[in-house]
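Please go through the structure shown here with me, as a set of questions and answers for someone working at the bench.

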Amino acid sequence: MTPFLIYSLTAVLLAGLGIHGLISRRHLLRQIMALNVLAGGVFLLLISTAYRNQGIGESSSADPVPHAMVLTGIVVAISATAFALALVRRIYHAQKQDMGSDLMNEVQQNDSQNDEPPENRTGSAP
Amino acid sequence: MIWLGVIGFPLLVCCLLGFGRVRDVAAGPGLWLAPLPALGLALFVEGGTPGAFPALFLDTTLHFGAYGRLFLLLTAVLWTAAGVFAWSGGQERIRFAFFFLVTLTGNLGVCLAQDLASFYVFFATMSFAAYGLIIHDQSPTALYAGKVYLIMAVVGEVLLATAFFYAGILGDSLLFTDAAQALADPNGGYAQSTLVISLAVAGFGIKAGVIGLHFWLPLAHPAAPTAASAVLSGVMIKIGLLGWLQLFPLVAGQPDWGMVLAWLGLSGAVYAVAAGFTQHDPKTILAYSSVSQMGLMTMAVGFILAAPSYQHGEASLAHSVPLAGLLLFVLVHGLAKAALFLGVGVAKATPWQVTHRQWVLAGLAAVGLVLIGAPFTAGALVKQTLKSGAEQLPPIWSEFFSAVLPLTAVGTTLLMVMFLWRIWQSTAAERLPHGVHSKTADDMIKTTPMRGMVLAWGGLLLLVVALPLWASLLFPEIINILPGLSGKGWKTVWDGLWPIVLGLIASGLFLGLNRGRGEGSGLDDLLLSALERRASRLHAWWGSSPYCDPTCGTINLVAWSDRILQSRWMQTVPDRIERRLLYWHTVGVVFVGFVLVFLAVTWWTGR
Amino acid sequence: MQPVWMILIPFLGAAACLLLRGRFVAWAGLTASGGTFGACLAQLLQVWNQEVIRIDLGGWTTPLGIGLYLDGLGMMFLLLTALVGLLVGVYANGFFGRAADYRRMEPYFWPIWLVLWGGLNGVYLSSDIFNAYVLLEVVGLAAVGLTILSGTRESLVAGLRYLLAAMFGSLIYLLGVALLYAEIGHLDLFRLAEQMRVSLPTVIAFGLMTGGLLIKSALLPFHFWLPPAHASAPAPVSAILSGVVTKASFFLLLRIWFVVFPMLTVPLTGQLLGMLGGAAVLWGSLQAVRQTRLKLLVAYSTVGQLGYLFFLFALLAPSGGATRAEEWAVMAWTGTVFHVVSHGLAKASLFMAAGCLLLAMDTDELAAMPDMAGRLPVITFTLGVAGVSLMGLPPSAGFVAKWMLLKASLASGQWWWAVVIALGGLLTAAYVFKVLAFAFVPAARRTTNSRSDPHENQGALESKDAQAVRPVPRLMTLAALALAVLCVLFGFRAEEVIALLPHGLGLDVSPGGLYLGFSQGERP
């Protein structure tokens with residue numbers, strides 16, 4: 001059980017959790033969180049490769065490239081998450097405005113086919 | 001570049017029609033100016049380097065080829081004459097000029113095109129633009145003729161497109177020479193070459209008025225304005241012939257197809273005489289005469305195909321007497337028929353009292369004599385070469401065709417006499433309001449022929465009569481291998497004369513017996529009306545079916561798609577599946593499954 | 001001309017648009033569009049002469065530097081983006097200048113669109129799988145930003161779905177990148193190709209990267225985000241999304257498959273992608289036929305048309321990408337690239353025409369637009385011309401594309417794709433004619449035609465009041481028409497594309513290795 005294996009197994013576990021969360025939850029906020037878990041798994045894997053590849057360069061220090069990648073990735077993930085959250089807020093407000101509209105009924109019909117209660121969808125978004 | 005310039009010049013003139021200031025110039029003198037570059041090219045340029053235009057259509061190649069110069073000359077001369085004739089104008093002259101010039105472009109292009117694609121484009125341009133010429137008068141007969149013409153033209157285009165497509169595949173090239181070689185190749189697919197040739201026989205046959213495909217011709221040629229019928233009958237129907245000459249393997253020969261064409265031609269020649277001589281409209285008679293003469297030319301093509309030239313030595317066409325005769329025939333008939341059509345216009349515009357009238361009739365008679373093949377004319381030369389072509393056939397057939405050939409001259413004579421008689425009769429009855437069968441308004445209104453009309457007609461007349469002289473200057477290679485006119489003795493003269501005498505007697509008999517009878521409806525009309533009845537019944541059946549859109553008569557796509565889309569299954573199943581597919585968890589499961597399958601496949605079948 | 005200008009000009013333009021106010025935004029945006037288009041033409045000339053461009057930005061080499069790589073394939077995508085981008089810009093200028101409702105979006109449209117454009121150019125130029133990820137995310141975020149421009153609830157929901165799907169796809173792709181880096185230690189396309197070996201991590205990386213990119217390129221079972229997003233966005237945005245944005249991830253997929261992983265491709269996986277593509281062609285077109293709203297119809301048609309692109313994988317995979325000198329390889333490549341370009345132009349043109357209709361009629365219900373041909377002839381003509389290209393009728397680029405694909409599939413012995421192509425063509429004809437049939441129905445007969453669906457009927461009756469057609473700016477209709485005509489004209493220039501493509505594709509290289517052909521271009 002090398003440290004790399006531990007790291008990478010954890011990363012895979014996290015990624016799997018993220019995917020599962022994304023596809024099995026209907027609540028938008030949970031889906032966004034699931035995506036972040038998935039992102040966490042990916043970043044963990046990348047960081048662990050820095051350890052793994054430390055012998056490749058001339059120096060014996062950790063490989064800097066994965067760090068750079070993870071930093072970039074985190075920036076991307078944060079901005080995307082922020083964007084998604086803002087969107088959820090807008091949707092929530094829009095939904096409140098036309099609560100009785102046909103669209104809402106349609107959404108509720110759609111949701112009722114699923115196991116989760118429809119009001120859970122964006123219920124606590126703000 | 002000169003090639004493209006010559007073809008494009010009429011289009012350029014055509015564009016000028018759009019500018020108000022120069023419109024009258026373009027629609028007036030522009031009509032006869034437009035073909036002049038082509039005339040110059042045909043007269044003064046021999047050989048020349050082929051023009052290659054890779055960017056135009058599919059690698060266009062423009063050149064004279066083996067027959068282009070002669071056809072270009074004929075085209076240019078006739079269109080110039082027609083342009084001079086139509087110069088004085090008529091009603092709707094701008095529209096007339098437009099279609100005139102576009103058709104001219106197509107016609108010039110077809111003469112020079114050496115590859116299948118550009119030939120097809122120009123051919124289609126010519127065919128469809130000619131529709132505008134035919135229906136120019138907008139009279140019911142003209143519209144009807146236009147309809148029949150258009151239907152047959154479209155059918156022809158489709159047949160030709162298929163033929164060219166397969167020919168291109170067979171030859172693996174778009175050049176006519178390669179396609180002809182591939183068709184001659186005995187190792188090539190027999191079925192495919194048969195397909196190509198039969199499609200081309202039918203496709204070009206529509207244009208050339210082969211029997212069974214000629215229905216449009218007696219309708220369209222009289223319906224068009226005089227100048228247009230002159231070029232229609234003079235040169236445009238010859239383009240079908242040009243297509244055959246270009247595409248068929250004349251050097252190697254195709255004996256079976258040769259016999260088929262010879263028989264088709266002969267029956268067309270005979271049938272057209274039988275159908276034509278009872279007609280009353282002189283232009284209709286001329287049109288039937290065209291069908292008959294085209295039949296003879298088709299027969300000549302058949303002779304050339306049936307008797308491969310390698311039988312007499314060199315495997316080339318350079319010394320083929322029948323081919324030279326055929327080309328001469330094209331010239332003679334083209335010029336003569338155009339002169340006759342223009343003559344009809346001149347005659348109808350000439351008041352009866354004027355003494356010039358006799359001169360007009362005499363001129364027409366002279367042209368008729370050339371067409372019949374009276375001794376000492378170019379027509380006689382043509383008849384002799386046709387005979388020599390027939391002699392190259394297998395023994396039995398050669399005797400048969402040699403014996404029948406003079407009889408066709410009898411038929412031609414009959415048609416010509418009837419034509420002159422009808423002209424004389426119709427103009428004699430001119431004072432009656434409906435005595436003229438003229439379809440063109442300008443013929444009715446004008447009481448004196450315009451100078452341009454007489455000029456055009458007279459010029460053509462001179463060209464026809466003096467044809468052996470100038471043809472030997474321009475096309476020495478054709479005239480030199482033909483048997484000379486002189487030194488044949490009285491026997492040839494007699495050979496040329498007796499069919500004419502026989503024809504005169506026959507027409508005299510007919511006129512004597514038939515005096516005062518009305519116009520009988522020929523076999524053609526019966527056939528056409530039967531076809532039409534059938535077609536209209538089919539159309540009615542289609543119109544009453546639920547899938548027909550009643551407003552435009554085409555397939556009612558909305559009804560069709562409604563029918564399918566409104567079915568219960570269609571209403572529910574795709575919707576349900578699509579809705580399922582839009583769920584995250586469906587997509588997620590499918591995605592995970594896809595990646596796993598992908599990995600497993602790559603892992604286990606890879607390496 | 002450095003290729004980096006292709007990325008910098010739009011980004012600078014976006015910054016300028018953010019700083020400016022009022023009408024200046026549009027002018028700055030149009031200037032940047034023109035500049036990018038000009039840069040693209042300069043680039044085209046360079047690629048034409050020099051075959052392949054490869055530079056390292058700022059002199060930093062791999063692994064830390066950012067490398068740019070441009071070959072004939074990338075050039076075609078750049079050109080498509082530039083063509084569509086320029087004309088969409090012209091169109092958007094008219095579109096957003098219309099009503100207060102639209103004018104509100106204009107200051108947002110231009111910067112986001114320019115960022116999107118820069119990102120797209122970056123994806124086509126990138127020679128590094130991680131940079132490609134970042135740029136793909138830029139493209140994805142900007143695309144979502146454009147989708148929600150109108151701010152309606154419908155578009156917000158669609159946009160969020162799009163965002164989640166795009167993020168998910170990118171993260172999966174990044175997972176693959178991480179695995180690949182862990183195994184091989186490189187990010188550069190060509191270094192990776194040189195050191196590729198068959199091992200469990202590389203195989204998994206291949207699968208993950210392919211899967212992630214498939215989600216982003218909306219191949220059939222993963223198309224769930226595309227129709228609502230494309231249909232609910234404003235017209236110029238839909239044109240951009242459908243025309244060019246969907247092609248970016250497909251481009252990356254091509255690079256991954258045929259540059260990085262040719263060693264791992266097996267015929268079966270190629271067939272798998274091809275099958276999904278075939279299913280997309282049939283299903284997407286069928287759904288398009290069933291739609292009653294023009295924009296949804298066009299969006300589903302995108303799902304269908306994208307499917308054609310994936311036949312390439314099936315056609316080329318048997319050779320493992322390693323020996324791509326088969327005779328049909330050139331045909332398949334040309335056909336696919338032609339399809340990318342023709343679909344991009346035609347679909348953008350269709351969406352722009354649909355936008356014009358929306359402006360003129362206030363609805364894009366098919367049943368509500370009777371006698372459109374009489375009242376809006378230019379737009380109807382545009383729909384027809386673009387439809388001809390979609391159907392693949394000659395003479396159009398669509399015809400060349402489908403013809404090449406047909407020939408390639410027959411030549412390679414995989415005749416079943418030919419069947420799918422033919423069926424797809426029929427279905428395409430069905431929905432194109434459905435639109436045109438509605439367009440040509442005389443106004444009086446409208447109710448009988450929409451009799452089938454009470455909803456439609458009602459909508460049609462309601463819109464009777466709004467019978468009057470509002471004028472559409474000439475420039476908008478002309479921009480749409482120009483795209484459609486370009487699409488047809490493009491069909492005449494097959495030789496140039498065929499000549500341009502092998503630059504860097506290694507098509508003319510003897511069987512021996514794909515990336516050998518690529519590494520030819522690796523000159524400093």
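Q: In chain A, what percentage of contacts between residues at least 6 apart in sequence join residues at least 24 apart?
A: In this predicted model, chain A has four helices and zero strands, and its elements run α-α-α-α from the N terminus on. Among the contacts in chain A between residues at least 6 apart in sequence, the share joining residues at least 24 apart is 61%.

Q: What percentage of the residues of chain A count as buried?
A: The accessible surface of chain A comes to about 6,800 Å², and carbon and sulfur atoms hold 62% of that area. Of the 126 residues of chain A, the part that counts as buried is 41%.

Q: What percentage of the residues of chain C count as buried?
A: Chain C contains 24 helices and two strands, and its accessible surface is about 15,700 Å², with 68% of it belonging to carbon and sulfur atoms. Among its contacts with a separation of 6 or more, 80% are between residues 24 or more positions apart. Of the 524 residues of chain C, the buried portion is 69%.

Q: How far apart are the end C-alpha atoms of helix H3 of chain C?
A: Helix H3 of chain C covers residues 72–96, and 23 of its 25 residues are buried, so the helix is largely enclosed by the rest of the structure. At 1.5 Å a residue, H3(C) should span 36 Å, and this agrees with the separation of its end C-alpha atoms, which is 35 Å.

Q: Which residue forms a salt bridge with Arg255(C)?
A: Arg255(C) counts as buried because its relative accessible area is 2%, which is under 20%. Its partner is also buried, at 0% relative accessible area. The closest N and O atoms of the pair are 3.2 Å apart, and the salt-bridge partner of Arg255(C) is Asp71(C).

Q: How many residues apart in sequence are the parts that Arg255(C) and Asp71(C) tie together?
A: Arg255(C) and Asp71(C) form a salt bridge. Arg255(C) lies in helix H11 and Asp71(C) in the loop between strand S2 and H3 of chain C, so the pair ties together parts whose separation in sequence is 184 residues.

Q: Is Glu183(C) buried or partly exposed?
A: Glu183(C) forms a salt bridge with Arg197(C), with the closest N and O atoms 3.4 Å apart. Arg197(C) is partly exposed, at a relative accessible area of 38%. The relative accessible area of Glu183(C) is 18%, and because the cut-off lies at 20%, Glu183(C) counts as buried.

Q: Which residue has a side chain joined to that of Gln305(C) by a polar contact?
A: Gln305(C) is in helix H13 of chain C, and at 1% relative accessibility this residue counts as buried. Leaving out residues up to four places away in sequence, those that Gln305(C) touches include His339(C), His343(C) and Lys402(C). The side-chain polar contact of 3.4 Å is with Tyr431(C).

Q: What distance separates the C-alpha atoms of Ile421(C) and Phe311(C)?
A: Ile421(C) belongs to helix H19 of chain C and counts as buried, with 6% relative accessibility. Beyond its neighbours within four places in sequence, Ile421(C) is in contact with residues including Tyr308(C), Phe311(C) and Leu405(C). Although Ile421(C) and Phe311(C) are 110 residues apart along the chain, the separation of their C-alpha atoms is 9.7 Å.

Q: Which helix of chain B gives the most to the nonpolar patch?
A: The nonpolar surface patch of about 670 Å² has Leu407(B), Trp494(B) and Leu502(B) among its residues. Leu502(B) is partly exposed, with a relative accessible area of 39%. With six residues, the element of chain B that gives the most to the patch is helix H24.

Conventions:
Residues numbered from 1 in each chain as written. Chains lettered and ligands numbered in written order. Predicted model: local features only at pLDDT ≥ 70, side-chain atom pairs only at ≥ 80, totals over all residues. Heavy atoms only, no water. Patch = residues over 30% accessible without salt bridge, like charges linked within 9 Å, V, L, I, M, F, W, Y side chains within 5 Å. Areas by Shrake-Rupley, 256 points an atom, 1.4 Å probe, with all protein chains shown as cover. Salt bridge = Lys/Arg side-chain N within 4 Å of Asp/Glu carboxyl O. Buried < 20%, exposed > 50% of the residue type's maximum accessible area, 1.4 Å probe, protein only. Expected span 1.5 Å × (residues − 1). Contact = heavy atoms within 4.5 Å. Polar contact = N/O pair within 3.5 Å; in protein donor to acceptor, adjacent residues only side chain to side chain.
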